[in-house]
Amino acid sequence: MPSETTISPKTAPNAFQRLKIFNQRLFGDMGSIGYFLRLAILLLFALYFGLPLLWLLLAPSKDQTAIITLPPLSFGSLETVVKSWENVNAYVHGEIWLWFKNSIIYVLASLTIGMAISIPAGYILAVSRFPGRTALLWLTLITMLLPPSAMVLPLFLEMNLAHLVNTAWAVILPACFFPFGVYLTYVYYSSSLPTDLLDAARVDGCSEWSLFQYIALPLAKPLLGLLAFISFNANWNNFFGPYVMLNNSKLFNLPVGLQTMIAGTSAIRPGFNTTPGMLKFQQADAAMAGLIMILPVVIVFLLSQRYVIGGAFTGSVKG
Amino acid sequence: MSNQIANAAPRLNRQRRRTLSSYLFALPYLLFMLAFGIGPGLYAFLISFADFKKGVPQYFAAGFKNYVVAFKDFRFAFTMENIAEFLVISVPLGIALVVLVSLLLHMRPGRFSSALRTLFFIPGAVTGPALVLLAIFMFSPVMSPFGFIQRALGFESFDMLIAPSRLPVIFTIIGFFSGAGMWIVIQYGALEGVSTEVLEAAKIDGCNAWQQALYIKFPLIRPYVIYQFILIFAGNVQLFVEPQLMGTTWINANVPQQWAPNQLAYSFAFDLGNFGSAAALSLLMLVIGLGAAYFVIRWTGFFDIKA
C-alpha cells in the first residue's frame, strides 16, 4: 500500500501533497524560511540604497522651506523643479553644459586609451611567465595604493614641465594609467582562461598576438564591458586631478565645476555671504545639479546592462 | 655535436621571442606607469626628505626631520586611532555584506535579482562632493527619509547625530552606499563564472541553495574577494573627501578639523607649506595599505599562475 507521502501517478495527490508540491515549486531548494529571509534582507538593502536616491530625485521639486516642512519623500511643486533647472542653467551662462561636454571628452579619451594599454598588460601577466612579471604585479599594486594626495605635487610638476598644465591633456593622460583595469584583467584571465587551449594554439604555431586577438579577447567581452563601465564611472567622477591641473573654469569637468558652484553659494551654509550679483543657490538647485551629474552614468549603465551585468565573466570554456 | 646545436638553437629563439612579445604587450602600460605611477611615487619619496622652509625644495636637506615632525604632531595619534577604528568597522563589514548580497542575488537569477543589482549600482555614480551633499541631508533627522529611525534613536538634529565618536560608523554608512554597488556587480560576475557542472553535481548530492552558496560558490570566488579586500583596505586608509567636506569646508558639523591621516597630510601641505611632512604621511599610508596587501597576497598565493 503506498504510504501517504509518496505521490504516484496512479493516485491524485491529496491536499497535503499538493501543498508540498507548491512549496517546492515556489521555494525551490531554498526552503520557505530561506525564501522569506532572503527577500527580507534584499528588501532592507533596497531601502538603504533606494531611499536616498528617491529623495535626491524629488529634491529639486522642493524649495528652501518645503524641503524642511514637507515629508521627505513627497513631491513639492513642478514650479520649483523648473526654477531649479533655470538656476542651474543661469550659473555663468549655462557653464554646466560646457562642463558636461568636457566631462564626456575627457572620459571617452581616457577610457579608450586606458583600456587599449591595460587589457594586453593584464592578459600577459596572467598567462606568461616572463622575467620581471612578479615585479610588475607588485609595482602595479603599489601604484594603485599610492595616495593621490602624495602624487598631486609631482604630477603637477611633471605636467608643468611638459607645458600641459591647464589643458585637457593634463586631465586625460594621467587618467589613462588604469592599474585597476590591469589587475581586474589579470584576475579574470588567470581564473578563467584555459591555458591548455593557449598551449595547443602555440604548438600549432600561433603567434602571441594572434592568441590574444583571436582567443583571449573574444572570451573577454563581458570583462571589457565591465572595465569600460568602471573606467567611465571613475573618470566621470574624477575630482582631484582636474581640480589641481585646471585653472580655467571653461575646462572644468562636472565634479570640479559642481564643487565650485556649490561651495560659493548658500546651498549648504545658509548664512554664507554670497558676493553681490552671484545667484542665491538653494538645496533644490544643488540637488538638481547633482542629478545632472549622476544621470549620464545611470543612462550609460542601463544601456550597457547586457555587457556589464548580464553574464559577466561567463562565456569562457566552461561546462 | 653539430646536431645538438642545431636542435638547441630553434628552441632558444622561440623562448626569446615569447619573452620579447610579452614585454611588447606590457610596454605601453609600463610607460604610462613610469610617467604617472612610479615616477610621481618616487618623487614623492624624494620630497619626504626635502626641506621646504625656503619655499623651494632643498632635496635631502631635511633628512628624517619631516617624518619626525609628522609623527610627533599632536594630531598624529588621534588621526591614526580614528582611521584604525574606521578600518576595523568598514573593511570586514563592507566585504561581508557585499559577498552576502551577491550570494543572495545569485541564488535566484532573474528579473528581480537583475533589477536589484541595477539599483545597488546606481549610488556608485554619486561620489565626492555630491555624495557628501546627499549624506548631509540623509543624516538630518528633520529632512531625511530615515528620520523616523534617527528620531526613534534619540537624535533630534544633525549636530546630535554627527558626534566624533560615531564618525567611523557614519563614514562606513556613507562609503558603503557609494562603493558597494560596484563590488556587488564584480562579485556577482565572479559567481556567474562558477562552473555550472559543479553546482549541478552538488545539487544532485542534495545540496540546497544555502549550502551551495556557503561551501561552493564562496570559496570559488576567493580571488575576487581578496582583490576586494586589498583595494578597500588601502582605499579606506586614505579616507579624505567625506571628513574634509563635513569638517569645515561645507558645513559646521562636529567633525574635528583633521580627523583622518590624509587630512593631516593635506593640512601639512596647504596650511603649513610643509610638503615634506605631507609626503612623509602619505607614504606612511601607502606602507600600511601595502603591508596589508603583502600579507594577504603571500598568505593566499594570489600571484601564483594557476597553470
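## A two-chain, all-helix prediction

Chain B is built from 14 helices and has zero strands. Read from one end of its sequence to the other, the pattern is simply α-α-α-α-α-α-α-α-α-α-α-α-α-α. Keep in mind that this is a predicted model. Its partner, chain A, comes out with 16 helices and zero strands.

Here is how the two chains line up on a few basic numbers.

| Chain | Helices | Residues | Buried residues | Contacts joining residues at least 24 apart, among those at least 6 apart in sequence |
|---|---|---|---|---|
| Chain A | 16 helices | 319 residues | 42% | 70% |
| Chain B | 14 helices | 307 residues | 45% | 67% |

**Confidence**

Before reading too much into coordinates, check the scores. Chain B averages a pLDDT of 84, and 92% of its residues score at least 70. Among the elements of chain B, helix α3 (residues 76-107) has the highest mean pLDDT, at 94, while helix α12 (residues 241-249) has the lowest, at 75. Where pLDDT is low, predicted coordinates shouldn't be read in detail. For the complex, the predictor reports an ipTM of 0.83 and a pTM of 0.80.

**Overall shape of chain B**

What radius of gyration does chain B have? The value is 25 Å, whereas a compact globule of 307 residues would have one near 19 Å. Along its principal axes, the C-alpha trace of chain B spans about 85 × 65 × 30 Å. The domain assignment splits chain B into domain 1 (1-47) and domain 2 (67-300). Taken over C-alpha atoms, the centres of domain 1 and domain 2 of chain B sit 37 Å apart.

**Where the chains meet**

On the contact side, 87 residues of chain B touch 88 residues of chain A. Helix α1 (residues 2-47) of chain B gives the most to chain B's side, with 20 residues. By type, the residues on that side of chain B divide into 60 nonpolar, 21 polar and six charged.

The largest nonpolar core has 162 residues, and those with the most contacts inside it are Y123(A), L145(A), L134(B) and L281(B). Helix α8 (residues 167-192) of chain B gives the most to this core, with 14 residues. As background, nonpolar side chains tend to be buried together in soluble globular proteins.

Which residues does L145(A) contact, leaving aside neighbours within four places in sequence? They are A234(B), L286(B), G289(B), L290(B) and A293(B).

**A closer look at P141(B)**

Now for a loop residue. P141(B) is found between α5 (128-138) and α6 (147-152) of chain B. Is P141(B) buried or exposed? The cut-off for buried is 20 or more other C-beta atoms within 10 Å. P141(B) has 21 such atoms within 10 Å, so P141(B) counts as buried.

Who are its contacts? Leaving aside neighbours within four places in sequence, P141(B) is in contact with G147(B), Q150(B), R151(B), F155(B), E156(B), S157(B) and L161(B). G147(B), Q150(B) and R151(B) are among those contacts, and α6 of chain B covers 147-152. For a distance to check in your viewer, take P141(B) and G154(B): they are 13 residues apart along the chain, and their C-alpha atoms are separated by 9.9 Å.

Key: Residues numbered from 1 in each chain as written. Chains lettered and ligands numbered in written order. Predicted model: local features only at pLDDT ≥ 70, side-chain atom pairs only at ≥ 80, totals over all residues. Contact = placed C-beta atoms within 7 Å. Helix = DSSP H or I, 4+ residues; strand = E, 2+ residues; numbered from the N terminus. Nonpolar A, V, L, I, M, F, W, Y, C, P; charged D, E, K, R; others polar. Rg over C-alpha atoms; globule rule 2.2 N^0.38 Å. Buried ≥ 20, exposed ≤ 12 C-beta atoms within 10 Å, placed from the backbone. Domains from an automatic or database assignment. Core = buried A, V, L, I, M, F, W, Y, C linked by C-beta atoms within 7 Å. pLDDT = per-residue confidence, 0-100.
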